[in-house]
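Colleague: Got a minute to walk me through this one? I'd like to get my bearings before I go back to the bench.

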Amino acid sequence: MGRVTERRKVLRIRDGAVTTRPDTLVAEEPLEIRLNGKPLAITMRTPGDDFALAAGFLVSEGVLAAASDLQNIVYCAGAIADGSNTYNVVDVRTAPGVPLPDFTLERNVYTSSSCGLCGKASLDAVRTTTRWPIADSPRLRVTPALLSGLPERLREAQRVFDRTGGLHAAALFTEDGELLDIKEDVGRHNAVDKLVGRALQNGELPLSRTVLLVSGRASFELAQKAVMAGIPMLAAVSAPSSLAVDLAAETGLTLVGFLRGGSMNVYTGDDRIVLAEETETAKG
């Protein structure tokens, strides 16, 4: 939609030299998500892939689980008083017969671009609402060397980050390291929703043979979104939260943090990591 970045005038000071120049910034605008015509949530996001974002959000909420659950998604005309369309309001229509959990209809939440649905969910809620429990059989296995190479591939694919330096990214890889999809957004949880939503629209859920890599930290919300999409492995370049580790342990998610260079911390599900001794045993 051409609104991913915006230009602003900036005073630049470098080693005492002062200049004025335009700077490219990542756009941030609110997106209201309506469910069957009823306001549900507002998230601050980078415009683009809005339909995928809304669909992915509803996967994480336990409302959608397959493409057949989704009737359509539209931008709402007349979103403001003068009747113009801001392209900041979407309405998700579910297919007839899709059950709607009471909690999604009774609350109206504000989701910031940094924290996801802060304090909303619990470990029990994720366990009871997911329709895609992690079930990678045979077990997904990756080597530390393969994981170590993913952050650089993620960085190389971040087109908007190169112009702004202000975006998070999330990417899906196969167990062989093939890049399947990448999304960027001012909010890391939005980037994941865009990935999951696109997969739902393409009939690709559950994502049971994939690795999800996120820039920044691994929060509870990101672990929740991975579990709800059936993703068996979540890796982050920074630290996980304690609740993210708890959720990963309870649901069977492999959680990797501090993935930088050749080092990483594996917090849960280390049986999906092929260690050096296994490789030596196989050679022998």
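Modeller: Sure, let's take confidence, then the sheet, then some aromatic rings.

Colleague: What kind of model is it, and what does the pLDDT average over the chain?

Modeller: This is a predicted model. The average pLDDT for the chain is 84, and 81% of the residues score at least 70.

Colleague: Where does pLDDT stay under 50?

Modeller: That's residues 103-121. The model does give that stretch 49 contacts beyond four places in sequence. Still, where pLDDT is low, the predicted coordinates should not be read in detail.

Colleague: Okay, on to the sheet. Which order do the 6 strands come in?

Modeller: Reading across, the order is S9-S8-S10-S11-S12-S13. The sheet is open, with mixed pairing. At its edges sit strand S9 (179-185) and strand S13 (263-268), each pairing on one side only.

Colleague: And how many degrees does the twist average from one strand to the next?

Modeller: The twist averages 20° from one strand to the next.

Colleague: Do me a zoom-in: how do S8 and S10 run, parallel or antiparallel?

Modeller: Antiparallel: strand S8 (residues 168-174) and strand S10 (residues 210-214) are joined by 5 bridges. For one example, Phe-173 has Val-211 in S10 as its bridge partner.

Colleague: Which strands does helix H8 lie across?

Modeller: Helix H8 (residues 242-251) lies across strand S12 (254-260) and S13. Relative to S13, helix H8 runs at about 60°.

Colleague: Switching topic: how many aromatic pairs are there?

Modeller: The count is 2 aromatic pairs. In one of them, the ring centres of Phe-51 and Tyr-75 are 4.8 Å apart with the planes at 40°, so that pair is tilted. Phe-51 is in helix H1 (residues 50-60) and Tyr-75 in strand S5 (residues 70-75), so to speak distant parts of the chain, 24 residues apart.

Colleague: Are those two buried or exposed?

Modeller: Neither, really: Phe-51 counts as partly exposed because its relative accessibility is 26%. Tyr-75 is also partly exposed, at 22%.

Colleague: And why is the pair of Tyr-75 and Tyr-87 called edge-to-face?

Modeller: Because the planes of Tyr-75 and Tyr-87 are at 80°, with the ring centres 5.0 Å apart. Tyr-87 is in the loop between S5 and strand S6 (89-94), 12 residues apart from Tyr-75. At 39% relative accessibility, Tyr-87 counts as partly exposed.

Colleague: So which residues form the aromatic cluster?

Modeller: Phe-51, Tyr-75 and Tyr-87 form one cluster.

Key. Residues are numbered from 1 along each chain as its sequence is written. This is a predicted model: local features need pLDDT of at least 70, side-chain atom pairs count only at pLDDT 80 or more; totals for chains, interfaces and linings use all residues. Side-chain values use heavy atoms; hydrogens and water are left out. Two strands pair if DSSP finds at least two bridges between them. Helices (H or I, at least four residues) and strands (E, at least two) are DSSP runs, numbered from the N terminus. Axes are lines fitted to C-alpha atoms, for helices over the stretch in contact, and angles run from 0 to 180 degrees between N-to-C directions. Contact means heavy atoms within 4.5 Å. pLDDT is the predictor's confidence in each residue, from 0 to 100. Rings of Phe, Tyr and Trp (its six-membered ring) pair if their centres lie within 6.5 Å; planes under 30 degrees apart count as stacked, over 60 as edge-to-face and the rest as tilted. Buried means under 20% relative accessible area, exposed over 50%, partly exposed in between (1.4 Å probe, protein chains only).
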